[in-house]
Amino acid sequence: MIDAPIIIGGRPVACKSSFDVIDPATGAAFARCPSADEDALNDAVAAARAALPAWAVTPIEQRAAMLEAIADAIDARKDEFAALLSREQGKPRHGGAAGEIGGSIAWTRATAKLRPEIDVLKDDGASRVEVRRKPLGVVASITPWNFPVMIAVWHVMPALLSGNTVVIKPSSNTPLTTLLLVQVANAILPPGVLNSVTGEGGMGRLISAHPGIDKIVFTGSTPTGRSIMENAAANLKRLTLELGGNDAAIVLPDADIDKIASRIFAKSFGNSGQICAALKRLYVHDDVHDALVERLVGMAQAAKVGPGDDPETQFGPLQNRTQLDFVTQLAEDARANGGIFACGGTPMEGGGFFYPLTIVTNVGNGTRVVDEEQFGPILPVIRFTDVEQALAWANDNENGLGGSVWSVDVERATALAMRLESGTAWVNDHSTISPDVPFGGAKQSGLGVEFGTYGLDEYMQLQTVRINRE
Ligand code: NAD
């Protein structure tokens, strides 16, 4: 049995009930997770609030040193983390799972090096005007199931570095690695600085409305983001919302297909398509459409989809039954609307939530597989002849997380990329992120940004200090 308690005030807390955690490779339960109730949430918020005054004035160098120590502690148990992550999320243990744990360690260390700035706007004989940054208070983090450890790190580490205390609630699809992370971090942090609770949407709504919480950082779907915003209104909680994406890529007629095909493949199907900023709509000029599709299909057919504990596996299952059913529905809808499946297109036989890498052509805007975020291994490829039309199609979506343009003419591609209605525009690349570069969504893909000092600002209250010297 996996020992993954919730932690409140530095101590494991027993819960009255528990729920199953499902292995996506089999569809069967492999562990039980403690289920927190409203009393536990109240206790967690009270513990975070009690720990806040001392943590907020702890020198940042000390807080940063604790983040480094947490990175060391994760590193010391990285194989255990990767195995558990693979089991609950489905991603290949020695591929995506090990990569996510390695990335989480690196991201923790990079975050520890950030420092909030003090802006001096004026400094003369008459006056001095400074803009300072102070912690916001108690931050609640609500995370999804696609990168449970990495996204927890993205939320928790900048919040702690900037002097806030935290209560985190993972997705009930993938709660165990987050509970382990909080347990490991609590061997280093003062009690109450980082607390965990569990539960589903009901717990999420309680968190959103809780008067003792000052800010919510949320990564998940757009409808849930809207619900959080509504529930958070009573005490004007600060919000960072990293929501859904349906990223378009535009491949221009001069693109070097031999060079870019494998990159486009990786950016579309990584984590079996379950990445917020995956390349989800591929608009390809008629001149290179067939050649690019042929190469992508070759790679998709050669790829090994299988259980995360098989060392040969490159792509794991979908994380849950709901997502498998959703992707299946999108494929059926595409088929009914004239879509041609160049490969894949029906769920794989046997247990588990497996779906093959799928490429569908002869579809366009107005078809569900193009208009809706698939969040799975199914890529629609849309043929175009007019670049302005392709840009209009790319922008004709409520999401605006990322987008990309591919061409050997970098100047032309950049000019076009800057006309995408998206939080990030890539040229000859897609979905690459780094800890010092801001990342966030335009339109319905979110509010605010994460990473770097831009991201740190979201955990801090600006205070203008005006000193009159006369
Ligand atoms: P989800 O919105 O269903 O759930 C996310 C979290 O919210 C879970 O912890 C869930 O328990 C909780 N929750 C559910 N209802 C709630 C409510 N009413 N109030 C508060 N919390 C509630 O999302 P998911 O299915 O876990 O994740 C997939 C989605 O996340 C996709 O749309 C994907 O694009 C998005 N995502 C975005 C980013 C980004 O950075 N923009 C990154 C990863 C995933």
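This briefing covers the ligand site of a predicted model. Local features require pLDDT of at least 70 and side-chain atom pairs pLDDT 80 or more, while totals for chains, interfaces and linings use all residues. Residues are numbered from 1 along each chain as its sequence is written, and side-chain values use heavy atoms, with hydrogens and water left out.

**Location**
- Domain 1 (6–243 + 445–468) and domain 2 (247–434) both contribute residues to the shell, so the ligand lies between them; the bounds come from an automatic or database domain assignment.

**Shell**
- The ligand is surrounded by 30 residues, each with a heavy atom within 4 Å of it.
- Thr 143, Ser 221, Thr 224, Leu 243 and Glu 373 come nearest.
- By class, the shell has 12 nonpolar, 13 polar and five charged residues, where Ala, Val, Leu, Ile, Met, Phe, Trp, Tyr, Cys and Pro count as nonpolar, Asp, Glu, Lys and Arg as charged, and the others, Gly among them, as polar.

**Polar contacts (N or O pairs within 3.5 Å)**
- Ser 221 places a side-chain N or O atom 2.7 Å from a ligand oxygen.
- For Lys 169, a polar side-chain atom is 2.9 Å from an oxygen atom of the ligand.
- Ser 227 has a polar side-chain atom 3.0 Å from a ligand nitrogen.

**Cover**
- On its own the ligand has 850 Å² of accessible area, of which the protein covers 89% (Shrake-Rupley method, 1.4 Å probe).

Key
A polar contact is a pair of N or O atoms within 3.5 Å; within protein, one must be able to donate a hydrogen and the other to accept it, and residues adjacent in sequence count only if both atoms are side-chain atoms.
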